[in-house]
Amino acid sequence: MRILHYYEDKDTMTGQHVKLLTDNMGRDAENYIATEAEQAKTLLRGCHNDILHLHGCWRNSSRGIVNMALRQGARLVLTPHGQLEPWIREEGYWKEKLPKQLIYQRNIVQKAYAVIIQGRMEQECLNQLKWNPRTVIIRNAVVTHSITAKDMAKKTLDVYQKVLDSNPLERMSNETRQALLAMIIAGTTGDRRWIPEDMAVAPLSGDDWRLLLCYGHQEQITNTLQRGIRILGLEVPDIDVEHIDYFLPEHYVETKSIQQSIGNEFPSENDRLLATFKVLRKWETAHELSIKHLIELNHELREHGCEEEELAEDLKERHLWKMVSRLMQVAAELTGLTEGFMPVLPTDDRQTRKMRREIDCHLKI
């Protein structure tokens, strides 16, 4: 992983902290340091950075550096170095701190995937601010003997990896996403012949596999992916995703399966599908719709027939028609559902695109 550290040059204690980190990370991270805005921008333009580690607060140039890094796909880690504690925020509050807080500082803290703090007191201050719940305590070897520099660097690396393992879909390349779709199609249908001929699965790196397997685990579709991998005859590196740590969105709700929600006893297949679409509308309204639900829907439509004309009338009567037609479009794109199994024709409109974005952003921090 490639890390860009940005801090103020005149802050000598922060400089010592950054030096201890970079000297003790070894080959596990490629570290770069910038203390001036133009230097940081040059490093951001020159190569993709996985993490921007911002040290300290209240520096005007941080706003532009953070925005540039995020646009380029880097993820933000912040170490405030005590600069969000009350006695610091109260210095020049009305003329300096409050305007900076409103313009950029609060926003930067909220955008950070993780905020590394150095003690319980600092954690209490962050908790009171309620700007970011993803805080991690790592003591500073510059000011305490309770941790070694090597342990401090190791724990910081663990935070970087946790950040990179969170919301893995966002970090996937187009080729990796295409491989994901091929695995979902094969895993859902049980037959690789349903995969379009032009959907080649490119060779995947170890990092690509880690993203795919983390995504499967976090979205609870591991069984589907494993089945697809077997059918495609792909070799998978040994990655224990069960013990990989990651961050989830603050208001994340664990995904329920369709069957758990609707049960098994129905007078007819049409009634079963109506119950399915009702619960999917409920989840879509609550912004809880996920790729797992689309895979289950694909399976339902393949395994259970229906009286299409009667179902169409029932969908219109219950004001479900438009929602279902949008579901068909998104299910086709993300799980390979074909029109032969769709009870209604797909619709691709603004609401469909919104539905697609919400499924893509299900794990977004």
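A residue counts as buried when its relative accessible area is under 20%, as exposed when that area is over 50%, and as partly exposed in between. Keep this cut-off at hand for the exercises below, which work through a predicted model.

**Exercise 1. Find out how many helices and strands the protein has, and what share of its residues is buried.**

Step 1. Start with the elements: the protein has 16 helices and 6 strands.
Step 2. Next, look at its extent. The C-alpha trace spans about 75 × 45 × 35 Å along the principal axes.
Step 3. Now apply the cut-off. Of the 365 residues, 51% count as buried.

**Exercise 2. Decide whether helix 13 is largely enclosed by the rest of the structure, and explain why.**

Step 1. Locate the helix: helix 13 covers residues 291-303, which makes 13 residues. From first C-alpha to last it reaches 18 Å, close to the 18 Å expected at 1.5 Å a residue.
Step 2. Look for buried residues. Among them are Ile-291, Leu-294, Ile-295 and Leu-297, but also charged ones such as Lys-292 and Glu-296.
Step 3. Draw the conclusion: because 11 of its 13 residues are buried, helix 13 is largely enclosed by the rest of the structure.
Step 4. Check one residue yourself. Arg-302 lies in helix 13, and its relative accessibility is 16%, so it counts as buried. The C-alpha of Arg-302 is separated by 9.7 Å from that of Thr-338, although their positions lie 36 residues apart along the chain.

**Exercise 3. Work out which parts of the chain the salt bridge between Arg-272 and Glu-300 links.**

Step 1. Find the contact: the closest N and O atoms of Arg-272 and Glu-300 are 2.9 Å apart.
Step 2. Place the partners. Arg-272 sits in helix 12 (residues 269-285) and Glu-300 in helix 13, 28 residues apart, so the pair links distant parts of the chain.
Step 3. Test for burial. Arg-272 has a relative accessible area of 10% and is therefore buried; Glu-300 is buried too, at 9%.
Step 4. Put the pair in context: the structure holds 20 salt bridges.

**Exercise 4. For the salt bridge between Arg-356 and Glu-333, say which partner is buried and which is partly exposed.**

Step 1. Begin with the distance: the closest N and O atoms of this pair are 2.4 Å apart.
Step 2. Place the partners. Arg-356 belongs to helix 16 and Glu-333 to helix 15 (residues 321-335), with 23 residues separating them along the chain.
Step 3. Compare each value with the cut-off. Arg-356 has 17% relative accessibility, so it is buried, while Glu-333 has 28% and is partly exposed.

**Exercise 5. Identify the charged patches on the surface and the helix that gives the largest share of the negative one.**

Step 1. Look for positive charge: Arg-350, Arg-353, Lys-354 and Arg-357 gather in a surface patch. Lys-354 is in helix 16 (residues 350-360) and, at 36% relative accessibility, counts as partly exposed.
Step 2. Look for negative charge. A patch on the surface includes Asp-271, Glu-307 and Glu-313.
Step 3. Find the main contributor: helix 14 (residues 308-317) supplies 5 residues, the largest share of the negative patch. Glu-313 lies in this helix.

**Exercise 6. Find where Trp-58 is and say whether it is buried or exposed.**

Step 1. Trp-58 is in the loop between strand 3 (51-55) and helix 3 (61-71).
Step 2. Its relative accessibility is 8%, so Trp-58 is buried.
Step 3. Its phi is near 70°, a positive value in a residue other than glycine. Most residues other than glycine have a negative phi.

Terms used:
Residues numbered from 1 in each chain as written. Predicted model: local features only at pLDDT ≥ 70, side-chain atom pairs only at ≥ 80, totals over all residues. Heavy atoms only, no water. Patch = residues over 30% accessible without salt bridge, like charges linked within 9 Å, V, L, I, M, F, W, Y side chains within 5 Å. Areas by Shrake-Rupley, 256 points an atom, 1.4 Å probe, with all protein chains shown as cover. Salt bridge = Lys/Arg side-chain N within 4 Å of Asp/Glu carboxyl O. Charge placed at Lys NZ, Arg CZ, Asp CG, Glu CD. Helix = DSSP H or I, 4+ residues; strand = E, 2+ residues; numbered from the N terminus. Buried < 20%, exposed > 50% of the residue type's maximum accessible area, 1.4 Å probe, protein only. Expected span 1.5 Å × (residues − 1).
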